[in-house]
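Me: Can you walk me through this structure? I keep seeing labels and I'd like to know what earns them.

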Amino acid sequence: MIKAKVQTFREVSPTYINLILSATREGTVLEADNELFNLIGFSKKQFDTYFQSNLIHFIREDQRGDFTQLIHSNRRVIFECNSLMNNSTNDWRLLLGYPCERVKEEESVYATLVNLKSQRFVKYGISSREKNSDSDMEEDEEEILEEIIIQEIENNLPLSEKNYKCDKITGLPNELCFFEKAKKIMQKEPQKNYAIVYTDINCFGYVNKMYGYLEGNRLLAFFAAMMKRERDIVKEATRLSADNFVFLITYDTKDTVAEQICMLNEEFSGQCYQERMGLRLILSSGVAFLEEDTSIMSAIDNANTARKSVKGNSLITSCGLFTEEMQQRILWETYVNQHMEAALSNKEFCVYYQPKISLQTERIVGAEALIRWTTPDGEIIPPVRFIPILEKNGFIERLDFFVYEEVCRFLRGRIAKKQNVVPISVNVSGAHLTDSYFVQNIISLVRRYEIPSYLIELELTETVCIENSEVAIDMVRQFREHGFLVSIDDFGSGFSSLNLLKDMETDIIKLDRQFFREGEMHKEEQIIISSIVHMAKKLNMKVISEGVETHAQSEFLKGIMCDMAQGYYFAKPMPLDSFEEVIV
Ligand code: C2E
Ligand code: CA
Ligand code: CA
């Protein structure tokens, strides 16, 4: 029930509704979405284990009594989140309410996360409140929703924070006020072209540190004042947080906007340089055009996306435009977020197997399990297009376990029929490294299917190992103690490959496929590869080369005593039934 509502509200305004939870009057969470867990930095499993799913744990201890009372009193109050929220920006408040007049299902509360410093309501949750009738949905939902949020915040801010309309440092209207003003401006002169600009002052933290906060504040105010003077272009402005500004601008042609903004930014930079004794401040901006169907809120997000796309070089002023390609990327990400659950239950995901060949015997000695997503219209989506998104939203943990279970089921079937089996390797996403039950869960899984652990090989990428080296080393040790095989995937793709060998004992090194790019192998590459193979032998490790595409590569690897190879030259990843045919 709540899912359907959430879906509706997400469709209405995907940018507002990021955090969704439904809870009982006692504060027990009935349902919460991945975003919530991303935000608090715990997985759902940890959340369940440590906090018994109780919402009350989000509330600061000294306010818990009030919280319980509140839940029963139908009032709304702001509660401070405790330090669990430590991976988000400071000063978040969890706003909770029990909007009884709007809710038919008694046990729902809803929650809004508000950043009081910037008055930015980034996370908004909504209850399973019923709409009066279907026709309601045809109204301008977005505006209604915005109104509700503004009201919520106004009604709920404590007195001390009530003077929220103006940013004390720059004198600019705050974000909520900016929305109202921007809308009015656009309504007044609808014939003009409008865009949102998102600007960030690079290295602003440095100013604060070197010259003190007061000087930092002065610079912010100086920038705001300078931009406000550009009345022909800048129609309204707000400071979202720290050194992040948003402007409503008008423009004549799209082609010249970036250039204009860069000029303004340069001007600021130049003035600072003169007035502040050689302090060179660089700005980066992004622009999103306000077309008929874009809300201000999503334009801000889009402009920020555009800004990030050009921020790479922090030494020159830059300004990027929000492009169709970025739009497509966001749409695709939204599609994946919205369809992944259904795709898993509708069996749209399936596992392909790519054989691994012994270079000496040329027999199949293993395989790697690789996920594939076939959409209902028959399109096969390669993992590179969805895995990074699933890693971001946390769903990869479930999908990986789906793969692990499929592999176990496959092996069990063959063992039961006394058919030939080979070790199957599976990919371990970095997300599992924060799950302290991961090893145990894998052990339980193979026990349940009665699979000997040496038939399962865990591939951890070099990057994952380096980024979480302590956890990874411990995890690898545990897996090996329990008889699993472990390999370092994509070996040689990063900068610290050799360091890793020093610290981490694994069974197999899997040479990254970049070593086997198209064309002939260079002498240098050959020297590096044979040295790695030689070194691995001395360390009692096996080496598999992946991405082997040619006869010459295969012969070379055989010559240097590389143990195994995997690649299109031998076989492409294939569905289960084809794989069963080749390993008879
Ligand atoms: P990976 O683990 O490095 O997997 C090897 C990739 O190389 C596979 O791409 C495979 O199809 C491709 N490949 C194999 N031989 C050749 C060759 O000769 N030439 C070329 N050009 N490519 C070859 P795929 O299946 O598209 O997977 C891409 C990546 O997605 C994988 O890289 C892995 O990082 C990730 N992935 C795939 N399945 C899963 C999964 O179940 N869980 C997780 N966490 N990640 C997965
Ligand atoms: Ca792999
Ligand atoms: Ca690999």
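**Two calcium ions and a helix pair**

Reply: Sure. Let's start with the calcium ion (ligand 3), which is coordinated by Asp489 (OD), Asp490 (OD), Glu546 (OE) and Glu546 (OE), at 2.0 to 2.9 Å. Keep in mind that this is a predicted model.

Me: What makes those atoms count as donors of the calcium ion (ligand 3)?

Reply: For Ca, an N, O or S atom has to be within 3.2 Å of the metal. These lie at 2.0 to 2.9 Å, so they pass the cut-off. Along the sequence, the donor residues are spaced D-D-x55-E.

Me: Why can we say that Asp490 and Glu546 tie together parts of the chain?

Reply: Because Asp490 sits in strand 17 while Glu546 belongs to strand 19 (residues 542-546), the pair joins parts that are 56 residues apart in sequence. Asp490 and Glu546 are both buried, too.

Me: What makes Asp489 a bridge?

Reply: Asp489 coordinates both the calcium ion (ligand 3) and the calcium ion (ligand 2), and these ions are 4.0 Å apart.

Me: Which residues are the protein donors of the calcium ion (ligand 2)?

Reply: Glu368 (OE), Asn427 (OD1), Glu459 (OE) and Asp489 (OD), lying 2.1 to 2.3 Å from the ion. Their spacing in sequence reads E-x58-N-x31-E-x29-D. Two of these donors link distant parts of the chain: Glu459 is in strand 16 (residues 456-461) and Asp489 is in strand 17 (residues 485-491), 30 residues apart.

Me: How do you know whether Glu459 is buried or exposed?

Reply: Buried means under 20% relative accessible area. Glu459 has 1%, so it's buried. The same test works for Asp489: its relative accessibility is 4%, so Asp489 counts as buried as well.

Me: On to the helices. Why is helix 11 called roughly perpendicular to helix 12?

Reply: The axes of helix 11 (residues 324-345) and helix 12 (residues 383-393) come within 10 Å and cross at roughly 70 degrees. Angles from 65 to 115 degrees count as roughly perpendicular, so that's the label helix 11 gets relative to helix 12. As for handedness, helix 11 passes helix 12 in a right-handed crossing.

Me: Which residues make the contact?

Reply: Helix 11 brings Trp332, Glu333, Val336, Asn337 and Met340, and helix 12 brings Arg385, Phe386, Ile389, Leu390, Lys392 and Asn393. Sorted by class, the contact of helix 11 with helix 12 has 6 nonpolar, 2 polar and 3 charged residues.

Technical notes: Residues numbered from 1 in each chain as written. Chains lettered and ligands numbered in written order. Predicted model: local features only at pLDDT ≥ 70, side-chain atom pairs only at ≥ 80, totals over all residues. Heavy atoms only, no water. Donors = N, O, S within 2.8 Å, 3.2 Å for Na, K, Ca; no water. Helix = DSSP H or I, 4+ residues; strand = E, 2+ residues; numbered from the N terminus. Buried < 20%, exposed > 50% of the residue type's maximum accessible area, 1.4 Å probe, protein only. Axes fitted to C-alpha atoms, helices over the stretch in contact; angles between N-to-C directions. Parallel < 35°, antiparallel > 145°, perpendicular 65-115°, else oblique. Left-handed = near helix turned anticlockwise from the far one by under 90°. Contact = heavy atoms within 4.5 Å. Nonpolar A, V, L, I, M, F, W, Y, C, P; charged D, E, K, R; others polar.
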